[in-house]
Amino acid sequence: MAAPQFSPYISFPGTAQAAFEHYRELFGGKLEIMLYEQFPDLSGFPFTPPPGSVAHAQLHGGLVTLAGGDGIAPPGEELPPLSSEVYSFLIGLDEVVDARALIERIVAADGRVAMPFELAPLGDHYGQVVDRFGVMWALVVEGPRQEG
């Protein structure tokens with residue numbers, strides 16, 4: 001039996017291709033994208049996807065493993081916004097300088113700091129940044145651990 005795998009999956013409101021290309025630039029890794037129009041027959045789908053919409057994308061092999069696509073809202077409805085304070089994706093890095101550099105790249109690409117990256121009471125460095133698509137990324141660098 002294969003080892004269990006976990007990958008967050010995000011349904012974007014028509015921006016999946018741009019988001020995943022952006023994430024490849026930020027986090028590295030290999031990006032695979034499949035558009036609905038690449039399927040040989042869409043007649044079995046319960047909806048008509050907009051032209052150019054992403055059926056499935058996966059980014060793996062860099063800092064994150066992430067999957068997603070363009071969400072398709074029911075007729076007459078809209079997808080909820082991605083921005084939320086109730087979830088984030090945690091990225092653990094080895095060095096404070098690397099975490100600060102990643103935060104700077106996200107902010108420079110129209111993101112914003114949600115919580116400054118600082119030394120937390122437990123000894124780790126921790127902060128949060130929201131990217132231009134509304135996704136919150138939490139970054140942590142573990143501090144020294146005391147045995148006992």
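These are my notes on one helix and one sheet in a predicted model.

**Ground rules.** Local features need pLDDT of at least 70 and side-chain atom pairs 80 or more, while totals for chains, interfaces and linings use all residues. Numbering starts from 1 along each chain as its sequence is written, and side-chain values use heavy atoms, with hydrogens and water left out.

**Helix α1.** I started with α1, residues 16-27 (helices are DSSP runs of H or I, at least four residues, and strands are runs of E, at least two, numbered from the N terminus). Its 12 residues should span 16 Å at 1.5 Å a residue (times one less than the number of residues), and the end C-alpha atoms are 16 Å apart, which agrees.

Which residues of α1 are buried (under 20% relative accessible area, 1.4 Å probe, protein chains only)? I found Ala16, Ala19, Phe20, His22, Tyr23, Leu26 and Phe27. Seen down the axis, they fall within an arc of 160° (taken from the directions from the axis to the C-beta atoms), so they line one face of the helix. Glycine 28 follows α1, with a positive phi near 75°.

**The sheet.** Next I looked up an open, mixed sheet of four strands, ordered β5-β8-β7-β6. β5 (89-92) and β6 (112-119) are the edges, each with a single partner strand, so one side of each lacks a neighbour in the sheet. The twist from one strand to the next averages 15°.

β5 pairs with β8 (136-141) in the parallel sense over four bridges (pairing takes at least two DSSP bridges). Opposite isoleucine 91 I found leucine 139 of β8.

**Helix α2.** Helix α2 (96-108) packs on this sheet and touches β5, β6, β7 (125-130) and β8 (contact is heavy atoms within 4.5 Å). The direction of α2 makes about 170° with that of β6 (angles run from 0 to 180 degrees between N-to-C directions, with axes fitted to C-alpha atoms, for helices over the stretch in contact).

Definitions and conventions
Buried means under 20% relative accessible area, exposed over 50%, partly exposed in between (1.4 Å probe, protein chains only).
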